[in-house]
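Thank you for letting me take a few minutes of the meeting. I would like us to look at one model together, with the sequence and the structure side by side.

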There are 2 protein chains.
Amino acid sequence: VTERAIRTLEGADDIVGYDGYLEQVRPWVGLKRYHGSPIGQEVERSRLAITLAREGRRVALVSSGDAGVYGTAGIVFELLAEDGAEHEAERVEVVPGISAANTAAALLGAPLMSDFVTISLSDLMTPADTIERRIEAAAAGDLVVALYNPASMRRRALLQRAREILLQHRAPTTPVGLVRNASRPGQEVTITDLEHLPEHAVDMFTLVLVGNSATVRVGDRLVTRRGYQVTADEASP
Amino acid sequence: VTERAIRTLEGADDIVGYDGYLEQVRPWVGLKRYHGSPIGQEVERSRLAITLAREGRRVALVSSGDAGVYGTAGIVFELLAEDGAEHEAERVEVVPGISAANTAAALLGAPLMSDFVTISLSDLMTPADTIERRIEAAAAGDLVVALYNPASMRRRALLQRAREILLQHRAPTTPVGLVRNASRPGQEVTITDLEHLPEHAVDMFTLVLVGNSATVRVGDRLVTRRGYQVTADEASP
């Protein structure tokens with residue numbers, strides 16, 4: 001959690017979020033009006049946040065990871081557009097966070113040191129053929145791949161398909177990192193490879209990170225080699 | 001800055017980093033041994049951090065954004081491999097941060113709500129034809145694109161080429177966000193489109209974010225529409 005996120009929560013009148021996250025937030029901040037709701041009600045929560053803000057209240061809408069990456073920030077702007085209230089967009093402040101891919105990558109070592117793509121395998125909001133096309137593109141571009149929502153109880157086919165597509169372009173020994181419940185109780189970090197991926201359990205709490213041609217194991221970690229002939233002109237210190 | 005980063009700095013004996021960042025760190029933490037160096041000496045700093053750690057000291061190596069995204073985390077692991085000291089990798093803790101793309105996206109609205117790719121246009125460590133191939137892949141896959149190191153004093157051709165490639169697949173009206181000096185003095189946020197991109201100044205302190213077919217303007221912000229028929233099975237609350 002960032003200092004800025006905590007300051008934002010402290011400055012709010014109302015805090016809206018998934019019940020489980022509000023439990024985590026309560027110890028950090030003072031007395032607030034809390035509006036918790038069960039998992040899976042992102043649109044309702046975003047709508048409530050907008051309604052409260054229009055009543056003149058300062059509202060914090062809590063998201064995990066980065067609210068702008070498959071989170072609730074986009075829903076708020078989509079609802080404002082739906083309301084014909086585009087002018088209210090300027091009143092929204094998006095507080096960035098650490099996305100699940102970055103948290104998982106840090107636990108694995110440094111696999112995102114080179115160009116990478118994040119793809120959600122959830123086919124509820126994106127058609128499966130679009131997802132496949134994106135995996136094809138990632139494979140062709142030798143990009144490191146972070147797969148969000150890789151599988152659920154009812155859905156495993158797209159993960160198998162992703163592996164097939166990647167194996168058409170990458171060696172079976174290409175390193176794969178699996179991070180389940182990153183930074184939460186029950187955290188599990190596994191390093192395997194494309195060939196052995198099917199032997200491991202993958203669920204909706206898992207982030208799957210597939211290396212590219214420059215990704216190697218260094219001890220118990222993964223790193224994507226960049227080479228490091230960095231000059232002052234280009235450095236990102 | 002995250003709580004965890006500050007705790008890590010507080011627990012360190014030695015802090016190694018670019019002079020400019022150490023200036024920012026000093027007010028937050030107590031008395032430490034500081035090892036500052038000019039910009040562009042990432043390898044030397046990483047080497048120094050390893051040397052100090054081998055002397056038994058707890059060392060914090062400071063990076064901006066996320067140390068694992070075009071940062072110094074990968075250099076440390078590469079140096080350990082070069083030393084034949086892979087077993088020391090387990091002693092390295094990578095503290096994740098908020099990457100420049102996520103910071104820039106929050107200032108722009110929520111352009112990273114759908115699948116996206118980050119590509120560095122610096123051709124010092126990646127051959128220009130590999131970079132072009134990755135832009136082609138991103139364009140073909142209708143991915144939102146975050147361009148790091150888009151241009152420098154001596155280098156502008158790849159940004160022009162990236163625009164040409166993207167225009168082969170995307171409308172000239174595709175939204176583009178430019179964020180210069182994100183969260184720093186002199187911060188500038190500009191929204192334009194692929195057609196008008198050449199009219200704007202872009203330098204090495206700028207993050208260029210190119211939308212995909214689902215990216216729209218909502219008031220003064222950008223959002224990539226996902227649609228939001230989220231079910232409990234897939235939700236990321």
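I will go through the contact between the two chains and then through a sheet in chain B that takes part in it.

Please keep in mind throughout that this is a predicted model. To begin with the extent of the contact, 86 residues from chain B and 86 residues from chain A take part in it. The size of an interface is often given as the accessible area lost when the parts come together. For chain B and chain A that buried area is about 8,100 Å², and carbon and sulfur atoms give 55% of it.

Turning to the polar side of this contact, there are 26 residue pairs in polar contact between chain B and chain A, counting pairs with both residues at pLDDT 80 or more. On the side of chain B that touches chain A, the elements giving two or more residues include α1 (3-10), α3 (42-54), α5 (100-108) and α6 (128-140), together with the strands β4, β5 (116-120) and β11 of chain B. The largest share of that side, eight residues, comes from α4(B). By residue class, the same side of chain B divides into 40 nonpolar, 26 polar and 20 charged residues.

How many salt bridges lie between chain B and chain A? The count is six, while the structure holds 36 over all chains. One salt bridge that crosses between chains joins D142(B) and R134(A), with the closest N and O atoms 3.7 Å apart. Here D142(B) sits in the loop between α6 and β6 (144-148) of chain B, whereas R134(A) belongs to helix α6 (residues 128-140) of chain A.

The two chains also pair through strands, since β5 (residues 116-120) of chain A and β5(B) run antiparallel to each other over three bridges. Within that pairing, F116(A) has T118(B) as its bridge partner.

Let me finish with the sheet in chain B, which is open, has three strands in the order β4-β11-β10, and shows mixed pairing. Because β4 (109-110) and β10 (215-218) of chain B stand at the edges with a single partner strand each, one side of each is left without a neighbour in the sheet. The parallel pairing of β4(B) with β11 (residues 221-224) of chain B extends over two bridges, and G109(B) stands opposite L222(B) there. Helix α4 (residues 73-82) of chain A packs on this sheet, touching β4, β10 and β11 of chain B, and its direction makes about 110 degrees with that of β11(B). Finally, R225(B) and E78(A) meet through their side chains in a salt bridge, at 3.7 Å from N to O.

Definitions and conventions
Residues are numbered from 1 along each chain as its sequence is written. Chains are lettered from A and ligands numbered from 1 in the order in which they are written. This is a predicted model: local features need pLDDT of at least 70, side-chain atom pairs count only at pLDDT 80 or more; totals for chains, interfaces and linings use all residues. Side-chain values use heavy atoms; hydrogens and water are left out. Two strands pair if DSSP finds at least two bridges between them. Helices (H or I, at least four residues) and strands (E, at least two) are DSSP runs, numbered from the N terminus. Contact means heavy atoms within 4.5 Å. Axes are lines fitted to C-alpha atoms, for helices over the stretch in contact, and angles run from 0 to 180 degrees between N-to-C directions. Buried area is the accessible area (1.4 Å probe) that two parts lose on being put together, summed over both. A salt bridge is a side-chain nitrogen of Lys or Arg within 4 Å of a carboxyl oxygen of Asp or Glu. A polar contact is a pair of N or O atoms within 3.5 Å; within protein, one must be able to donate a hydrogen and the other to accept it, and residues adjacent in sequence count only if both atoms are side-chain atoms. Ala, Val, Leu, Ile, Met, Phe, Trp, Tyr, Cys and Pro count as nonpolar, Asp, Glu, Lys and Arg as charged, and the others, Gly among them, as polar.
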